[in-house]
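This report walks through one protein model, beginning with a patch of charge on its surface and moving on to the fold, the charged pairs and a few backbone details. Please keep the sequence and the structure in view while reading.

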Amino acid sequence: MNPSASAFAELYAAGATALRDFSDSLVDGIADLETHVTRLNHQPQDIVQLQALYRALNHIKLNAATYQLVSVANFIQPIEDLVGEMRTRQLEFFPLFGELLLLCLDRVQVLIETLLQGTGIESLQLDELQSALDELPRCTQEQLLLLTINLIEMISGHKVDNQYVHEVIVDLDDYLQDLHFSTPEPPAPPPDAPPCDLAFFRQ
């Protein structure tokens, strides 16, 4: 791809001061994200941690916008949207998604460091990643799992461990079964049916 055609080409015009200030704030932001992801790995439905994770992502995105790093803010937006769906119970958090989230923010950190060094960013595959991330919001839980695996492998260059994937899928199947196939309530007796204890004496 022609570097000038990249959605991230605008970053070449960013001042070094803005990049450094954002980079400094990003270190603290990623530390917060790691804390919340670690806790959610143990308790995926912890609404307090999901809300904290959402706020931490939103803070990083707003910082990027403040320093006029628009493409960085756009890169974070679909991840923030997904966490927003998780905190409203439309989707379920799972450890592989937490790993993807941290990998994406690590890629942002590498991007900023690369720009500060004055070298090209083409090798970071940012546009391909952006296109893939934009597909994530509004997908189903099953689709999110598959897309998460694909993105982790794209970013890391390594296959996700099959046993780990199997364990996640088993947990996901249990979650979906509980969600969609819960035991129905027994039907209520008709209004004119006598109470069970009285029916015996009326025989």
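Four residues, D21, D24, D28 and D32, form a negative surface patch. A patch is built from residues with over 30% relative accessible area and no salt bridge, with like charges joined within 9 Å and nonpolar side chains (Val, Leu, Ile, Met, Phe, Trp, Tyr) joined within 5 Å. For such counts Lys and Arg are positive and Asp and Glu negative, while His and the chain ends are not counted, and the place of a charge is taken as NZ of Lys, CZ of Arg, CG of Asp or CD of Glu. Accessible areas come from the Shrake-Rupley method with a 1.4 Å probe, and for residues only the protein chains shown count as cover.

The model is a predicted one, in which local features need pLDDT of at least 70 and side-chain atom pairs count only at pLDDT 80 or more, whereas totals for chains, interfaces and linings use all residues. Residues are numbered from 1 along each chain as its sequence is written, and side-chain values use heavy atoms, with hydrogens and water left out.

**The fold**

The protein chain has 8 helices and 0 strands, so that reading along the sequence gives the pattern α-α-α-α-α-α-α-α, where helices (H or I, at least four residues) and strands (E, at least two) are DSSP runs numbered from the N terminus. Of the 203 residues in the protein chain, 41% count as buried; buried means under 20% relative accessible area, exposed means over 50%, and partly exposed is in between (1.4 Å probe, protein chains only).

Within the negative patch, D24 belongs to helix 1, which covers residues 16-42, and D24 is exposed, with a relative accessible area of 53%. Another member of the patch, D21, has its C-alpha 8.3 Å from that of Y67, although the two residues are 46 apart in sequence. Y67 sits in the loop between helix 2 and helix 3 and counts as partly exposed at 29% relative accessibility.

**Salt bridges**

How many salt bridges does the structure hold? There are 2 salt bridges in the structure, a salt bridge being a side-chain nitrogen of Lys or Arg within 4 Å of a carboxyl oxygen of Asp or Glu. The table gives the N to O distance for each pair.

| Pair | Distance, N to O |
|---|---|
| E80 and K61 | 3.2 Å |
| K159 and E153 | 3.7 Å |

In the salt bridge between E80 and K61, distant parts of the chain are linked, with E80 in helix 3 and K61 in helix 2 (residues 47-66), 19 residues apart. Both partners are buried: E80 has 2% relative accessibility, and K61 has 13%. Helix 3, where E80 lies, spans residues 70-87, and the C-alpha of E80 is also 6.0 Å from that of L57, a residue 23 positions away in sequence. In the other pair, K159 is exposed, with a relative accessible area of 69%, whereas E153 is buried, with a relative accessible area of 17%.

**A buried charge without a salt bridge**

Which side chain of opposite charge is nearest to D127? That side chain is R107, 11 Å away, and D127 is buried yet has no salt bridge. D127 is placed in helix 5, residues 126-133, and a polar atom of the D127 side chain lies 3.0 Å from the backbone nitrogen of A7. R107, for its part, is found in helix 4 and is buried as well, with a relative accessible area of 12%. Between R107 and L129, which are 22 residues apart in sequence, the C-alpha to C-alpha distance is 9.9 Å.

**Positive phi values in two loops**

Most residues other than glycine have a negative phi. Q125, which is not a glycine, nevertheless has a positive phi of about 55°; this residue lies in the loop between helix 4 (95-116) and helix 5 and counts as partly exposed at 34% relative accessibility. R138, also a residue other than glycine, has a positive phi near 75°, and its place is the loop between helix 5 and helix 6 (141-156). With 68% relative accessibility, R138 counts as exposed.

Definitions and conventions
A polar contact is a pair of N or O atoms within 3.5 Å; within protein, one must be able to donate a hydrogen and the other to accept it, and residues adjacent in sequence count only if both atoms are side-chain atoms.
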